[in-house]
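Trainee: I'd like to learn how to read a structure like this one. Could you walk me through it?

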Amino acid sequence: MDTSPLPPTVLVAGAAGFLGSNMVHFLLDKGFNVIGLDSYQSGSAANLNDVQEHPRFAMIRHFPLPELPAIHQIYHLACTASPVQYQKHPVDTINTAYLGTRNLLDLARQHSARILLSSTSEVYGEPQVHPQPETYWGNVNPFGPRSCYDEGKRAAEALAYSYVQEYSVDVRLARIFNAYGPLMHPGDGRVVSNFVTATISGQPIIITGDGTATRSFLYVDDCIQGLYTLMHSNHTGPINIGSDRETAIEDLANLVRALAHRLTSHQSPNIIKLPRPEDDPTRRQPEISLARRLLGWKPVVSLEEGLLKTIQWHIDLGRSGRIEGYSKVNGRL
Ligand SMILES: NC(=O)c1ccc[n+]([C@@H]2O[C@H](COP(=O)([O-])OP(=O)(O)OC[C@H]3O[C@@H](n4cnc5c(N)ncnc54)[C@H](O)[C@@H]3O)[C@@H](O)[C@H]2O)c1
């Protein structure tokens with residue numbers, strides 16, 4: 001592990017998004033100076049309301065960047081991550097994945113800063129190796145509805161590799177698997193937020209497909225701790241940040257219904273099944289022995305505990321009347 005003193009200034013790109021805003025709070029709590037950057041394409045200003053006046057936090061919007069103080073680390077968490085959202089803006093998505101990454105790699109180079117890229121399990125596509133180790137090269141459709149994101153992220157990884165080779169930029173590369181939790185936009189279309197918002201607002205839970213597809217869900221606190229630990233490690237190559245507990249989508253739906261019932265006593269909603277979307281991967285589970293060995297990191301929050309916290313957050317958000325700032329995506333709550 002790197003034992004150098006804590007760097008004072010960290011740029012978080014995608015600061016208003018789900019992971020970015022959780023990272024901003026985490027870094028402020030750790031004592032860093034934090035500069036947030038966001039275009040607000042899918043992020044919510046509401047995620048950062050409580051830190052707007054924080055003396056060690058400043059928010060800037062998008063490129064071109066203003067004059068910046070010396071930046072020591074960059075967390076690149078800027079890219080709309082929900083398939084529903086990125087498929088509405090495929091050109092923006094692939095541009096952000098490639099050009100946004102290039103801009104931030106250039107910034108890292110200019111400031112001699114370390115940069116952590118948030119890549120994704122989607123680089124493995126429809127995996128033919130299960131679980132997926134970092135050495136698996138993936139099985140991705142380059143010409144389909146998910147390509148803007150999947151191939152954009154693969155190109156971003158290749159670009160990062162090139163910046164390491166040619167300019168010795170100090171890169172860290174996380175392949176994140178299905179993080180969920182508080183501050184994920186209630187209407188952004190990802191499966192956990194969909195199931196939770198449906199359940200607590202008494203709507204049917206919609207499963208696309210027959211419910212046997214699997215994902216491995218990582219609670220946000222574990223994800224942020226994993227990214228932070230990776231940032232402070234000496235490992236430059238890709239590393240899976242995920243939970244090795246694999247869950248079928250129908251089992252997730254039933255778990256959300258049961259846990260929401262425990263918290264609200266509301267009657268559980270029905271489940272409706274719709275056709276599976278094109279190119280939706282059937283299985284997803286990370287091999288995380290590298291993260292365990294090199295980072296000493298593993299997830300510690302169980303799916304039940306993480307879902308309870310997530311459901312409670314949605315309930316509190318609904319009660320608080322604070323949902324206006326979250327109404328941009330589809331205003332469902
Ligand atoms: N959450 C996950 O499960 C997961 C899994 C794999 C990878 N990732 C990656 O982690 C990062 C964060 O994901 P998230 O779940 O927080 O998504 P999110 O959509 O909640 O947040 C992304 C943020 O990036 C901002 N953004 C988009 N395009 C931008 C641009 N061109 N310039 C500046 N800001 C821009 C959005 O407005 C938003 O605030 C993304 O790079 C995503 O690909 C997330």
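Trainee: By class, what residues does the shell around the ligand have?

Mentor: Ala, Val, Leu, Ile, Met, Phe, Trp, Tyr, Cys and Pro count as nonpolar, Asp, Glu, Lys and Arg as charged, and the others, Gly among them, as polar. Here the shell has 11 nonpolar, 13 polar and three charged residues. Keep in mind that this is a predicted model, where local features need pLDDT of at least 70 and side-chain atom pairs count only at pLDDT 80 or more, while totals for chains, interfaces and linings use all residues. Residues are numbered from 1 along each chain as its sequence is written, and side-chain values use heavy atoms, with hydrogens and water left out.

Trainee: How many residues surround the ligand, and which are the closest?

Mentor: A residue is near the ligand if one of its heavy atoms lies within 4 Å of it. In this model 27 residues surround the ligand, and the closest are Asp38, Ser42, Tyr149, Ala179 and Arg190.

Trainee: What about polar contacts?

Mentor: Look for a pair of N or O atoms within 3.5 Å. Tyr149 has a polar side-chain atom 2.5 Å from a ligand oxygen. For Arg190 the distance from a polar side-chain atom to an oxygen of the ligand is 2.7 Å, and for an N or O atom in the Ser118 side chain it is 2.8 Å.

Trainee: How much of the ligand does the protein bury?

Mentor: Areas like this come from the Shrake-Rupley method with a 1.4 Å probe. Taken alone, the ligand exposes 820 Å², and the protein buries 94% of that.

Trainee: Which elements give two or more residues to the shell?

Mentor: Helices (H or I, at least four residues) and strands (E, at least two) are DSSP runs, numbered from the N terminus. The ones you want are α1 (18–30), β5 (114–120) and α4 (147–167). The largest share, three residues, comes from β5.

Trainee: Now the helices. How do α3 and α4 pack?

Mentor: Fit lines to the C-alpha atoms over the stretch in contact, then take the angle, from 0 to 180 degrees, between N-to-C directions. Under 35 degrees counts as roughly parallel, over 145 as roughly antiparallel, 65 to 115 as roughly perpendicular and the rest as oblique. Helix α3 (residues 90–111) and α4 pack at about 15°, with axes 9 Å apart, which means α3 is roughly parallel to α4.

Trainee: And what angle do α5 and α7 make?

Mentor: Helix α5 (residues 191–200) and helix α7 (residues 249–264) pack at about 40°, with their axes 10 Å apart. That makes α5 oblique to α7.

Trainee: Any backbone oddities?

Mentor: Most residues other than glycine have a negative phi, and most peptide bonds are trans. Here the bond from His130 to Pro131 is cis, with omega near -10°, and Pro131 lies in the loop between β5 and α4. Asn178 has a positive phi of about 35° although it is not a glycine; Asn178 sits in the loop between β6 (170–176) and β7 (179–180).

Definitions and conventions
A polar contact is a pair of N or O atoms within 3.5 Å; within protein, one must be able to donate a hydrogen and the other to accept it, and residues adjacent in sequence count only if both atoms are side-chain atoms.
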